[in-house]
Amino acid sequence: MRNPLSSRIVEIPFSGIRKFFDIAAEMKDVISLGVGEPDFDTPWHIRDEGIYSLEQGHTAYTSNAGLKELKIEIAKYLERRFGVSYQYDKEMLITVGGSEAIDLAMRAMLDPGDEVLIPQPSYVSYVPCAVLANGVPVIINLKEENNFRLTAQELEDAITPKTKLVVLPFPNNPTGAVMEREDLEAIARVIEAHDLFIISDEIYAELTYLEGKEHVTIASLPGMRERTVLINGFSKAYSMTGWRLGYACAPEAILEQMLKIHQYAIMCAPTTSQHAAVEAVRHGDRDVEAMREEYNGRRRYVMKRFRDMGLQCFEPFGAFYTFPCIQEFGLSSDAFATQMLQEEKVVVVPGTAFGECGEGFLRISYAYSLESLKEALDRMEHFIRRLRGQGNRG
């Protein structure tokens, strides 16, 4: 019988995050710090709008590009929050989560052999999406001493004549790193000098904690808007993960081709979710602020616990992740996470799930209640004490 499978697809690995969830599913009394999902319910006024849309019979397709009303509100939001302007009817597409937008952008922009520069550690889908789009992923290993920020020199050193696209995954999953205006200005000069394009994944844009500073999108910098596909969504800021709703903003020539793929593969994003999202963008600022403040409190708590444990961890100022270093224990990230799960029933994600340069680190999410964080970190502290005791005896 002929092999029914594509060798290209077979060679793409499954997400390294899933392994530990599968093991934990068979265990009792497990506490997970592994999921990148808000623990808040979607705010009631947003849920009510989704319910009301169903009661009103809004159950048909929207236009392929998305609900006009929603796109208008997103355009207002982007101008108000980040100082970047898009035409809702020509430069915006509503997608099934930010993940679809990443896939669409790469497929619309890449020809076979085009290189995509992907800073790592970073979200697990960038490399597979590049491969699926017949592109060539080229990894830039980010460094802890740079607070896991992409530097202009690192970018410059990775560029070849085949480079076309750069992924900017900030605020970053899994490290929590952010890029400030001056960082982006330096990157922008390199992008322009080499005539490159950007996919700027800003799904965590609302979750930044730098005192007195807000998120800056590279699309707002001179000369960058026409080179950037800006990707965002509703999952993280509004706690709407299950609603599966994101969006992409891009120059019309790029957006038109993304829309073409979306039209054939998806048709349109869920109608109910789009109606709920209108309410989120219009009246959700206070919800976002309240959740951000709660996350920031949890972030400070986790960092204090790490200091008390003597566990090295650079301070993250974005998203809801920490990326502590566990190199002192002489275990691989996978071995550390596996052993702690077996002995203490705590789920964390090995840093290698987000790229090889994540070896020696763990991703720990603080998108959990303080009660859960306290219990999980108590267990982690017991585990670390045992490891250090074994090392001393050795």
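Two strands count as paired if DSSP finds at least two bridges between them. The model used in these exercises is predicted.

**Exercise 1. Partners of S12**

Task: Find which strands pair with S12, and in which sense.

Solution.
Step 1. Take strand S11, residues 349-350. S11 and S12 share 2 bridges, and the sense is antiparallel. Pro350 faces Leu362 of S12 across this pairing.
Step 2. Take strand S9, residues 321-322. S9 is also joined to S12 by 2 bridges and runs antiparallel to S12. Here Tyr321 lies opposite Ser365 of S12.
Step 3. Now sort the side chains of S12, residues 362-365. Leu362 and Ile364 point one way. Arg363 and Ser365 point the other way. Buried or exposed? Each of these residues is buried, with under 20% relative accessible area as the cut-off.

**Exercise 2. Order and edges of the open sheet**

Task: Write down the strand order of the 7-stranded open sheet and identify the strands at its edges.

Solution.
Step 1. The order reads S2-S8-S7-S6-S5-S3-S4, and the pairing is mixed.
Step 2. The edges are S2 (92-95) and S4 (136-141). Each has a single partner strand, so one side of each lacks a neighbour in the sheet.
Step 3. From one strand to the next, the twist averages 20°.
Step 4. Look at the pairing of S4 with S3, residues 115-120. The two strands are parallel and share 6 bridges. Gln120 sits opposite Asn141 of S4.

**Exercise 3. H5 against the sheet**

Task: Determine which strands helix H5 touches, and the angle its direction makes with that of S7.

Solution.
Step 1. H5 spans residues 97-109 and packs on the sheet.
Step 2. H5 touches S2, S3, S5 (163-168), S6 (197-201), S7 (228-233) and S8 (246-249).
Step 3. The directions of H5 and S7 make an angle of about 165°.

**Exercise 4. H5 against H9**

Task: Describe how H5 and H9 cross, then classify the residues of their contact.

Solution.
Step 1. Two packed helices are described by the angle and the distance between their axes.
Step 2. The axes of H5 and H9 (residues 252-265) come within 9 Å. They cross at roughly 115°.
Step 3. That angle makes the two helices roughly perpendicular. The crossing is right-handed.
Step 4. H5 contributes Glu100, Ala101, Leu104, Ala105, Arg107, Ala108 and Met109 to the contact. H9 contributes Ile254, Gln257, Met258, Ile261 and His262.
Step 5. Sorted by type, the contact residues of H5 with H9 are 8 nonpolar, 2 polar and 2 charged.

Conventions:
Residues are numbered from 1 along each chain as its sequence is written. This is a predicted model: local features need pLDDT of at least 70, side-chain atom pairs count only at pLDDT 80 or more; totals for chains, interfaces and linings use all residues. Side-chain values use heavy atoms; hydrogens and water are left out. Helices (H or I, at least four residues) and strands (E, at least two) are DSSP runs, numbered from the N terminus. Axes are lines fitted to C-alpha atoms, for helices over the stretch in contact, and angles run from 0 to 180 degrees between N-to-C directions. Contact means heavy atoms within 4.5 Å. Angles under 35 degrees count as roughly parallel, over 145 as roughly antiparallel, 65 to 115 as roughly perpendicular and the rest as oblique. A crossing is left-handed if the near helix is turned anticlockwise from the far one by less than a right angle, and right-handed if clockwise. Ala, Val, Leu, Ile, Met, Phe, Trp, Tyr, Cys and Pro count as nonpolar, Asp, Glu, Lys and Arg as charged, and the others, Gly among them, as polar. Buried means under 20% relative accessible area, exposed over 50%, partly exposed in between (1.4 Å probe, protein chains only).
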